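Dear colleague,

I am handing over the structure we spoke about, with the sequence alongside. Please have it open while you read, as my notes follow below.

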Amino acid sequence: MPYTPYFVLSAILFAIGLTGLFIRRNLLLMLLAIELLLNSANLSFIAASARWGELTGQVFAFFGMTIAAAEVTVGLALAILLFRNVDSVDTKRLEMLKG
Amino acid sequence: MIPLAWLVLWTPFFAAVGIFFFLLHRPQAAGWVATAAMALSFFFSLLLLFRAGIGREAVESSVQWVALPALKIEFGILLNGLTLLMLLIVTGVGSLIFLYSQGYMHRDPGYARYFASLSLFAFSMLGIVLANNLVELFAFWELVGLSSYLLIGHWFEKPEAADAGKKAFLTTRVGDVGFLLGILLLFGWLQAGGEGTFNFLVIQDLVKGIHQAGSGGAVSLLTVAGILIFLGVVGKSAQFPLHVWLPDAMEGPTPVSALIHAATMVAAGVFLLARLFFLFSASSFVLGLIAAIGVLTAFFAATLALVQTDIKRILAYSTLSQLGFMVAGLGLANPQAGMFHLATHAFFKALLFLGAGNVIHALHTQDIRQMSGLLKKMPVTGGTFLVGTLALVGIFPLSGFWSKEEILATAQQTSPLAFILLLATAFLTAVYMGRLFAVAFLGEAPKKAVHDPGWEMNSPLVILALFSIIAGFLPLKEFVPMEHEASGPFWVTLLGLTVGTVGFVLSLYLYLLNPALVDSFSENLKGPRRILERKYYVDDFYNALIRHVQDSFAHLCDLFERVVVVEWGVNGTARLVRFTGHLLRQLQTGRIQFYALIFSLGVTVLTYGWVLWNR
């Protein structure tokens with residue numbers, strides 16, 4: 001069974017996620033992009049686990065999903081706070097720390 | 001005996017501290033405390049004299065002051081004849097002048113401060129006299145300079161007085177640098193030889209040993225050290241070329257001039273010469289230099305005294321001249337004569353200054369041209385002043401005659417040139433003192449109501465006058481024993497006496513009976529007169545030196561400070577930081593995406609590099 005397509009798909013997903021993270025100004029969409037990044041990594045872990053017959057990769061994938069859940073919780077909380085403060089979820093409004 | 005000596009030293013110190021802390025606002029009490037402390041100190045010195053006797057072996061006692069592995073400094077006392085003599089002079093003359101000050105400084109706003117400083121001075125001076133090692137002596141030497149500064153500038157609201165204090169302090173400091181270097185050189189050399197010490201007696205033994213061994217290198221080192229230490233003497237005893245501060249120091253209160261700038265402090269240099277005579281006499285070159293400086297100062301200060309019109313300045317130049325005599329005596333290898341002259345000079349010069357103080361107190365002027373006939377109006381002052389004058393001129397049998405004759409005899413035996421110059425100085429001394437006495441005390445009596453001051457100012461004069469008369473018969477010389485007593489032929493004595501008498505009488509005649517001759521004389525000699533009035537241009541030379549050398553150097557330093565330190569160093573650093581900050585600020589956009597991009601680029605580059613590295 002060829003495994004290369006899984007890794008390629010994972011890489012494509014990662015690239016899409018990264019691009020989304022860079023170009024989107026909407027905080028919700030950025031969180032979405034981060035999910036994509038995490039899941040592409042999970043895909044790689046699972047594929048690698050299958051490829052070498054090791055369970056470590058799958059354990060890592062579960063770990064990743066847990067972290068993703070926690071991250072989304074915090075991220076959404078931040079987004080809500082931002083919305084409450086500036087009436088928008090646009091990250092352009094988060095330039096208060098500019099030097 | 002040793003506890004007594006410690007008491008002599010510390011009594012004035014406790015008076016000074018007590019006044020500074022408790023009595024600054026109770027002047028009357030301050031004056032009496034200071035005077036009583038001084039008198040007590042004198043009493044202890046007398047006890048010491050009776051216990052120890054004159055000319056006994058040296059007694060030493062000390063406590064450890066600094067104890068480092070390579071450096072041990074003691075704080076101690078060295079008692080011998082020389083010490084006893086100086087103790088008696090300082091505390092004896094000091095007591096009288098403290099008493100006199102109570103009258104002279106009456107109602108002065110700084111009365112208590114004055115007495116505190118004077119006590120501090122007495123303490124420091126006694127410290128110099130009693131010190132048993134060079135470091136201790138140097139510390140007290142500087143303390144004396146400090147108290148001298150404080151007292152010259154006592155009336156500091158007067159700019160001349162403040163300037164004179166500064167001048168005295170800075171000028172003596174020039175000499176003291178040499179002194180300190182000399183001490184360090186001597187110590188370093190002894191250290192290299194295995195025995196690093198500052199103790200006088202130990203150094204004396206070492207130097208004696210070296211002298212007997214006759215090593216050339218050691219002698220040349222002793223020569224250098226001797227010259228350097230002599231520099232300190234030149235500063236403190238106001239010898240040429242560092243004499244310029246003493247005449248200006250007359251801005252201080254007159255009792256201060258009497259005690260510090262005539263009788264004791266300026267004599268500290270001579271005392272140091274006598275204390276370290278073993279060191280100076282190790283090199284004939286140093287002795288020659290000392291003699292030359294002494295004779296030169298004696299002569300040239302006497303010429304300057306001829307044209308002064310300020311009564312205190314005449315006496316100041318006279319002091320310079322007599323100090324020159326003492327230094328010359330030491331330099332001509334006769335410490336006994338030098339110290340003898342120091343002792344007699346302390347009496348009659350203190351007397352003269354206090355007499356001048358009485359006159360200034362009564363007339364409120366120091367210009368002798370505004371004085372005349374004071375002898376009739378102020379019989380006590382005038383009479384004692386005459387005694388002091390005659391003693392200074394060296395009339396038989398007053399004290400100055402005996403001591404001056406000793407020095408002249410020594411000079412006659414060693415150096416004809418020194419003898420002639422000193423003889424000329426003696427003549428000039430008689431002339432300027434005759435002039436002072438004739439102008440101020442003889443002639444027409446003033447119309448104003450002028451009278452002698454009260455007992456506390458008169459009694460010191462009388463006592464000092466008494467001592468000026470009899471000091472020549474006191475066994476003062478035995479305090480400083482010598483192996484070979486110098487005694488010149490009788491004609492030297494006669495010549496010295498004649499020169500003094502002729503000068504004095506001539507001067508009286510000229511200024512009293514024939515002033516027209518004096519006027520025509522000074523008319524015809526305008527050039528030399530001008531040189532004398534400009535004090536041989538020494539002060540002008542120093543001023544020019546300061547203006548051209550020191551000021552331009554200061555200007556250079558100022559420029560360096562402004563341009564290099566401030567402009568480049570301080571402002572430059574600030575500008576560099578600000579510029580860097582400006583550059584780095586461009587990176588802080590505040591956009592999360594930008595940071596994330598940089599972050600991922602960084603991770604990518606690092607990962608890629610890591611992969612390549614491990615291939």
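To begin with one helix, H4 of chain B is mostly covered, since 18 of its 20 residues are buried. Please keep in mind throughout that this is a predicted model. The helix, which runs over residues 111-130 of chain B, should span 28 Å at 1.5 Å a residue, and its end C-alpha atoms lie 29 Å apart, which agrees with that expectation. Helix H3 of chain B, residues 81-104, can be checked in the same manner: its 24 residues should span 34 Å, and the end C-alpha atoms are 34 Å apart, so the expected and computed values agree. Of those 24 residues of H3(B), 23 are buried, and the helix is therefore largely enclosed by the rest of the structure.

As for chain B as a whole, it has 25 helices and two strands, and its C-alpha atoms fill a box of roughly 115 × 65 × 55 Å along the principal axes. Buried residues account for 49% of the 615 residues in the chain. Among the contacts in chain B between residues at least 6 apart in sequence, 81% join residues that are at least 24 apart.

One helix pair is worth a look on your screen. Helix H5 (residues 134-152) and helix H6 (residues 159-192) of chain B pack at an angle of about 170 degrees, with their axes 8 Å apart. Because the angle is over 145 degrees, H5(B) counts as roughly antiparallel to H6(B). On the side of H5(B), the residues making the contact include B:Leu134, B:Phe138, B:Gly145 and B:Ile152, while those of H6(B) include B:Ala161, B:Ala168, B:Phe179 and B:Ile183. Sorted by class, the contact between H5(B) and H6(B) has eleven nonpolar, four polar and two charged residues.

Turning to the interior, the largest nonpolar core has 196 residues, of which B:Leu273, B:Ala328, B:Ala350 and B:Leu422 touch the most other members. Helix H19 of chain B, residues 416-441, gives the most to this core, with 18 residues. Leaving aside neighbours within four places in sequence, B:Leu422 is in contact with several residues, among them B:Val295, B:Phe325, B:Ala328 and B:Ile407. Another core, of five residues, lies apart from it and includes A:Leu21, A:Leu27, A:Met30 and A:Ala33.

Finally, there are some backbone details. Most residues other than glycine have a negative phi, and most peptide bonds are trans. The peptide bond from B:Phe240 to B:Pro241 is nevertheless cis, with omega near 5 degrees, and B:Pro241 lies in the loop between helix H8 (216-236) and helix H9 (245-248) of chain B. The loop between H8 and H9 of chain B also holds B:Ala238, whose phi is near 55 degrees, a positive value in a residue other than glycine. B:Ala238 counts as buried because it has 29 C-beta neighbours inside 10 Å, the cut-off being 20 or more.

A cis peptide bond is also found from B:Phe396 to B:Pro397, with omega near 0 degrees, and B:Pro397 sits in the loop between helix H17 (379-393) and helix H18 (399-414) of chain B. B:His364, although not a glycine, has a positive phi of about 60 degrees, and is placed in the loop between helix H15 (335-363) and helix H16 (374-377) of chain B. B:His364 counts as exposed because it has 8 C-beta neighbours inside 10 Å, where 12 or fewer is the limit.

With best wishes

Note on methods:
Residues numbered from 1 in each chain as written. Chains lettered and ligands numbered in written order. Predicted model: local features only at pLDDT ≥ 70, side-chain atom pairs only at ≥ 80, totals over all residues. Helix = DSSP H or I, 4+ residues; strand = E, 2+ residues; numbered from the N terminus. Expected span 1.5 Å × (residues − 1). Axes fitted to C-alpha atoms, helices over the stretch in contact; angles between N-to-C directions. Parallel < 35°, antiparallel > 145°, perpendicular 65-115°, else oblique. Contact = placed C-beta atoms within 7 Å. Nonpolar A, V, L, I, M, F, W, Y, C, P; charged D, E, K, R; others polar. Core = buried A, V, L, I, M, F, W, Y, C linked by C-beta atoms within 7 Å.
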